[in-house]
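These are my notes from one pass through the model. I went from the whole chain to the sheet, then to single residues and charged pairs.

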Amino acid sequence: MSKFFKRLLNDSSSSDEEERNMWFAAAIEFERQNSQGSGSGDRSSRQYRYRDRVSGHSRLLNDYFVENPVYDETLFRRCFRLSRPLFLRILHTLQQHNDYFVQRRNAANIVVLSGEQKMTAALRMLAYGMSVDSLDEYVRIGETTTIECVKRFYQGVVEIFGPEYLRSPNAADISRLLQKANQRGFPGMLGSLDCMHWAWKNCPAAYHGMYTGHVHRPTIVLEAVASYDLWIWHAFFGMPGSNNDIDVLDASNLFANLQEGCGPSVNYTIMGNHYNMGYYLADGIYPKWATIVQSISHPQELAHEFFAKKHESYRKDVERAFGVLQARFAIVRGPARFWHHEDLTLIMKACIILHNMIIEDERVDDNGLVAMASGNDDYDSLGTDGPVEVSRGPISFDHFMATNRAIRDSDTHYALRRDIIAHLWTLHGQGVIE
């Protein structure tokens, strides 16, 4: 209120109440008219749109979530990238973790967006990479609210499901992975290793030189390890795109548990030689370490040619995992439009978590049938070989350095590859592996 009207009201007689109220009303009207200026921070200049969120919620329920919806389970899976039970499981868990996804009334006694609407907007953004205003007509949600829903969603997914679905393989997991690797003719294999680049469209100009590499545009690197079922066991994201795969490997924590002596032990025998460390299949850029097995670029013998064929076939597991991840979530296939590196890291982690949850929910058994997981199903089911012992005791610095040298031993790398070649060729001669 202006000083003129304040002074006028203070000078008015307290007995003349009617005149005082008249001047007070005039002062309010005067201030209201002056506040309708063109200031950018003026809230009175914003336009309110009545979106009828209740009807949007009812339409969404009738389309997907009622007993006889318009779109069945197959179309739900196609639109949301996951099944309806998994959608509801994630939603209920988020509602228990954060009341933001619970439908309620605001301070104006107006019903706000439901959890189904908010999660639908977040999943559509991740799955299709859509613009924030493209969901308004169907979900009845504004641009700023959509961005907030996406941020709340991927933060909640990482906080709640990250410890389970971004974990390193435990004893039961390794037992199952070793069993499958032995059937493939690669005893001791824990998966395949590779890197993927995610373009950063809105990278700050000051960071362009650091994040621009061989693709000639700013990118962020994801290092991942995937198994035969495309489950991503290791995800290290955040290195600038100017780094190659060796730099990313040196900075990642892929072998941290092995060096610290707190990871499950892996013991196997190939051609009469005993090994106590698992290995990953990788391409030729990676170093010659005892825990990394590479192919032979120009095989000259039949045994080497057969090994290179099988190696390159199984190494594609991680490439397939990247392809499926990008096909399910277009936001990591196209250029990233967020400004902050922290947001991109959480988005990538959330997409990998959802990817692993979908694999658990729809994993395929040995007969090629899709086994839909229930709430009591656990991916940690044991293999026939039983659990693998885990070392949890403290280690000395000398033991740490000895393990580090053993991991980087090139002699063990070549000896292991020779044994694998001989083992595969023997199985091929016996007709076990074609």
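**Entry 1: whole chain**

I began with the surface, and the protein chain exposes about 22,600 Å². Carbon and sulfur atoms supply 50% of that area. I note here that the model is predicted. I then looked up the burial figure: of the 434 residues of the protein chain, 45% count as buried. For secondary structure I listed 16 helices and seven strands. I also checked how far contacts reach along the sequence. Among contacts between residues at least 6 apart, 67% join residues at least 24 apart.

**Entry 2: the sheet**

In what order do the strands of the open sheet lie? I read β3-β2-β1-β6-β7, which makes five strands with mixed pairing. The edge strands are β3 (232–240) and β7 (292–294), and each of them pairs on one side only. Neighbouring strands are turned against each other by 30 degrees on average, with direction ignored.

I next took the pairing of β1 with β6. Strand β1 covers residues 189–199 and strand β6 covers residues 279–282. The two run parallel and are joined by three bridges. For Met 189, I found the bridge partner in β6 to be Tyr 279. I also looked for a helix on this sheet. Helix α9 (residues 171–184) packs on it and touches β1 and β3. The direction of α9 makes about 100 degrees with that of β1.

**Entry 3: the loop between β6 and β7**

I picked two residues here, Tyr 286 and Thr 291. Tyr 286 lies in the loop between β6 and β7, and the place of Thr 291 is in that loop too.

Is Tyr 286 buried or exposed? Its relative accessible area is 1%, so I wrote it down as buried. Leaving out residues up to four places away in sequence, Tyr 286 touches Leu 193, Asp 194, Cys 195, Asp 245, Leu 249, Ile 292 and Gln 294. I checked one of these, Asp 194, for distance. Tyr 286 and Asp 194 are 92 residues apart in sequence, and their C-alpha atoms are 9.1 Å apart in space.

Thr 291 has 0% relative accessibility and therefore counts as buried. With the sequence neighbours up to four places away left out, I listed the residues that Thr 291 touches: Phe 255, Leu 258, Met 277, Gly 278, Tyr 279, Tyr 280 and Ile 407. Tyr 279 is among them, and this is the residue I had already noted as the bridge partner of Met 189.

**Entry 4: salt bridges**

How many salt bridges does the structure hold? I read eight, and I followed some of them up.

Glu 362 and Arg 77 meet through their side chains at 2.8 Å, N to O. This pair links distant parts of the chain, 285 residues apart. Glu 362 is in the loop between α14 (341–361) and α15 (397–407), while Arg 77 is in helix α4 (residues 73–80). Burial is not shared by the two partners: Glu 362 is buried at 19% relative accessible area, whereas Arg 77 counts as partly exposed at 24%. I kept the cut-off in view for this pair, because buried means under 20% relative accessible area.

Arg 184 and Asp 317 also form a salt bridge, again at 2.8 Å, N to O. Arg 184 lies in helix α9 and Asp 317 in helix α13 (residues 302–328), so the pair ties together parts that are 133 residues apart in sequence. Arg 184 is buried, with a relative accessible area of 13%, and Asp 317 is buried at 4%.

The third pair I looked up was Asp 173 with Arg 167, where the closest N and O atoms are 3.1 Å apart. Both of these residues are buried. I then found that Arg 167, Asp 173 and Arg 176 are linked in a network of salt bridges.

**Entry 5: a nonpolar patch**

Which residues make the nonpolar surface patch of about 400 Å²? I noted Tyr 48, Tyr 50 and Ile 110. Ile 110 lies in the loop between α5 (84–97) and α6 (115–128). Ile 110 has 37% relative accessibility, so I entered it as partly exposed.

Notes:
Residues numbered from 1 in each chain as written. Predicted model: local features only at pLDDT ≥ 70, side-chain atom pairs only at ≥ 80, totals over all residues. Heavy atoms only, no water. Pairing = 2+ DSSP bridges. Helix = DSSP H or I, 4+ residues; strand = E, 2+ residues; numbered from the N terminus. Axes fitted to C-alpha atoms, helices over the stretch in contact; angles between N-to-C directions. Contact = heavy atoms within 4.5 Å. Patch = residues over 30% accessible without salt bridge, like charges linked within 9 Å, V, L, I, M, F, W, Y side chains within 5 Å. Areas by Shrake-Rupley, 256 points an atom, 1.4 Å probe, with all protein chains shown as cover. Salt bridge = Lys/Arg side-chain N within 4 Å of Asp/Glu carboxyl O. Buried < 20%, exposed > 50% of the residue type's maximum accessible area, 1.4 Å probe, protein only.
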